[in-house]
Amino acid sequence: MKRIKITDTKMTAIAANADAIVAALYAVNGRSNSFCITTWSEVVEAAKDAEKALAGIPKAGRIGTILSYRLAGPSANRYGYRANATLIWLERTSSGWYLRDATMSTVFPREAALFEITITPSTRDAIVKAALAPFSVPLSTLPV
């Protein structure tokens with residue numbers, strides 16, 4: 001699948017790519033739609049939620065982050081079978097978020113939504129640096 005731009009760096013949705021995103025989702029979903037991501041706005045909201053989750057990290061440290069996203073399964077246990085669902089991967093680059101791939105997945109009753117952010121080692125270092133910024137270690141307590 002060719003990467004499709006979703007948002008720019010200011011999190012402005014790229015409406016010109018809406019048709020391409022919907023076409024890519026339709027190619028994966030086919031006729032399924034109950035637990036599937038079917039609209040451009042759902043993909044944009046996932047990207048915005050991922051950006052909010054990365055809010056404390058400098059923008060340069062967010063590059064290379066991958067979001068794996070899937071909707072939750074059926075809420076009723078009576079729905080005793082698995083259901084088709086769309087699993088998408090979004091990638092953060094220096095120019096914004098891109099739809100990297102989409103595939104059909106399965107969800108089971110009461111299965112939670114998937115919202116998993118995979119970070120690069122440089123992003124991890126940026127998180128640690130931001131978290132430890134307000135702290136200091138006095139020189140007198142360092143081991144000799």
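These numbered points describe a predicted model, taking the sheet, the helices and then some individual residues.

1. The sheet. The model, which is predicted, contains an open sheet of five strands in the order S1-S4-S3-S2-S5, and the pairing is antiparallel. Strand S1 (4-5) and S5 are the edge strands, each of them pairing on one side only. S1 and S4 run antiparallel and are joined by two bridges. Ile4 has Leu99 as its bridge partner in S4.

2. The S3-S4 hairpin. Strand S3 covers residues 83-93 and strand S4 covers residues 96-107; eleven bridges pair them in the antiparallel sense. The two strands form a hairpin, and two residues lie between them. Two positions show the register: Arg92 has Trp97 as its bridge partner in S4, and Ile88 stands opposite Ala102 in S4.

3. The helices. Helix H1 (residues 18-29) lies across S1, S3 and S4, and runs at about 20° to S4. Helix H2 (residues 40-53) also packs on the sheet, where it touches S2, S3, S4 and S5. The direction of H2 makes about 50° with that of S5.

4. Ala23 in H1. Ala23 has its place in helix H1. Its relative accessible area is 44%, so Ala23 is classed as partly exposed. Trp40 is 17 residues from Ala23 along the chain, and the C-alpha atoms of these two residues are separated by 9.6 Å.

5. The aromatic pair. The count of aromatic pairs comes to one under the criterion that ring centres lie within 6.5 Å. A pair of aromatic rings is described by the distance of the centres and the angle of the planes. The rings are those of Tyr69 and Phe115, with centres 6.2 Å apart and planes at 90°, so the pair is edge-to-face. Planes over 60 degrees apart are what that term requires. Tyr69 belongs to strand S2 (residues 66-70) and Phe115 to strand S5 (residues 114-118), so the pair ties together parts 46 residues apart in sequence. As for accessibility, Tyr69 counts as buried at 17%, whereas Phe115 is partly exposed, with a relative accessible area of 36%.

6. Arg3, Glu91 and Tyr98. What does Arg3 lie over? Arg3 lies over the face of Tyr98, at 4.4 Å from the ring centre. The side chain of Arg3 is also joined to that of Glu91 by a polar contact of 3.2 Å. Glu91 sits in strand S3. With a relative accessible area of 17%, Glu91 falls under the 20% limit and is therefore buried. Leaving aside residues up to four places away in sequence, Glu91 touches Arg3, Thr65, Ile66, Gly96, Trp97, Tyr98 and Arg100. Arg3 and Tyr98, the two partners in the charge-over-ring arrangement, are thus both among the contacts of Glu91.

7. Ser105 in S4. Is Ser105 buried or exposed? Ser105, whose place is in strand S4, is buried, with a relative accessible area of 15%. Residues up to four places away in sequence are again not counted in its contacts, which are Arg70, Ala83, Asn84, Ala85 and Leu87.

8. Positive phi values. Most residues other than glycine have a negative phi, and most peptide bonds are trans. Which residues deserve a check on this point? Met11 is not a glycine, yet has a positive phi of about 65°. Arg110, also not a glycine, has a positive phi of about 65°. Met11 lies in the loop between S1 and H1, and Arg110 in the loop between S4 and S5. Met11 counts as buried at 15% relative accessibility, whereas Arg110 is exposed, with a relative accessible area of 58%.

Terms used. Residues numbered from 1 in each chain as written. Predicted model: local features only at pLDDT ≥ 70, side-chain atom pairs only at ≥ 80, totals over all residues. Heavy atoms only, no water. Phe/Tyr/Trp six-rings, centres within 6.5 Å; stacked < 30°, edge-to-face > 60°. Helix = DSSP H or I, 4+ residues; strand = E, 2+ residues; numbered from the N terminus. Buried < 20%, exposed > 50% of the residue type's maximum accessible area, 1.4 Å probe, protein only. Lys NZ or Arg CZ within 6 Å of the ring centre and 35° of its normal. Pairing = 2+ DSSP bridges. Contact = heavy atoms within 4.5 Å. Axes fitted to C-alpha atoms, helices over the stretch in contact; angles between N-to-C directions. Polar contact = N/O pair within 3.5 Å; in protein donor to acceptor, adjacent residues only side chain to side chain.
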